[in-house]
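Q: Please take a close look at one strand in this model and at its surroundings. A connected account would suit me better than a list.

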Amino acid sequence: MAYDLKITGGTVIDGTGTEGCRGDVAVHGGRVVAVGTASDDAMETIDATDRVVCPGFVDIHTHYDAQVLWDRMLTISPWHGVTTVVMGNCGFGIAPTRQEDRALVVGTLENVEGMSAEALEAGLGDWGFSTFPEYLDAVAAQGSAINVAAMLGHTPLRLSVLGPEATERLANPDELGVMRAILTEAMEAGAVGFATSKSPTHVGFEGRPVPSRLADFEEISALVDVLGAVGRGVLQATIGRELA
């Protein structure tokens, strides 16, 4: 079999935790087909002598939720060998978001993540989405140079159901039911999990605590239970009071 690409002479790190060793890596049809010894010819050969050949890094904690919509390169992660990013960490994100709550979401990201409100507003434009499935569609339509996975954030979820009161009080049973339905919809659309924060350092718009901090353990537990119901997904939590 002739390879499409063969990388020769590098120190191969195969991602299994074993020590690196000098060898070749061959690719055919978009898949790695040989690691160690690749004896066939290739349409293209790269000499990797004195270099490391390894799988791309997966950055499991990023906040590219907005930037992905105007920067398909996800600058600067690929510069450092990152080939997959996970967004939505700490319960932050930009969907689901009602039109009337967009300024609150921007203000939250400005305060808690130090993002420029002007850049967010310019980059997001008219948004073009409100639900999480619509957001995933917008990300897919924009395209990205690397792999992207998104968790549903507790902060936009609470804002979309409770509005500004999300920073002031617990959710009532009916509101919790709506949040569970939205999370279920998001998971079925392709979200990889659910993220929240109880960190006292997370302060959002108008100096208020981010909405997830107003949730009690029972609310978080009920939302995480959705992951069990759909049979997949991860929970990411920034610890704090009641969640340590």
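A: What follows describes strand β7, its partner strands and the nonpolar cores. This is a predicted model, in which local features need pLDDT of at least 70 and side-chain atom pairs count only at pLDDT 80 or more, while totals for chains, interfaces and linings use all residues. Residues are numbered from 1 along each chain as its sequence is written, and side-chain values use heavy atoms, with hydrogens and water left out.

Strand β7 covers residues 82–87; strands (E, at least two residues) and helices (H or I, at least four) are DSSP runs numbered from the N terminus. Because 5 of its 6 residues are buried, β7 is largely enclosed by the rest of the structure. Buried means under 20% relative accessible area, exposed over 50%, and partly exposed in between (1.4 Å probe, protein chains only).

Two strands pair if DSSP finds at least two bridges between them. β7 pairs in the parallel sense with β6 (residues 57–59) over 3 bridges, and Val82 of β7 is the bridge partner of Phe57. With β8 (residues 147–150), β7 also pairs in the parallel sense, over 4 bridges; here Val86 is bridged to Ala149 of β8.

The largest nonpolar core (buried Ala, Val, Leu, Ile, Met, Phe, Trp, Tyr and Cys residues joined through side-chain atoms within 4.5 Å) has 48 residues, and Leu69, Ile94, Phe132 and Tyr135 have the most contacts inside it. β7 is one of the elements that give two or more residues to this core, as are α1 (102–113) and α3 (132–142). The most comes from α5, with 6 residues.
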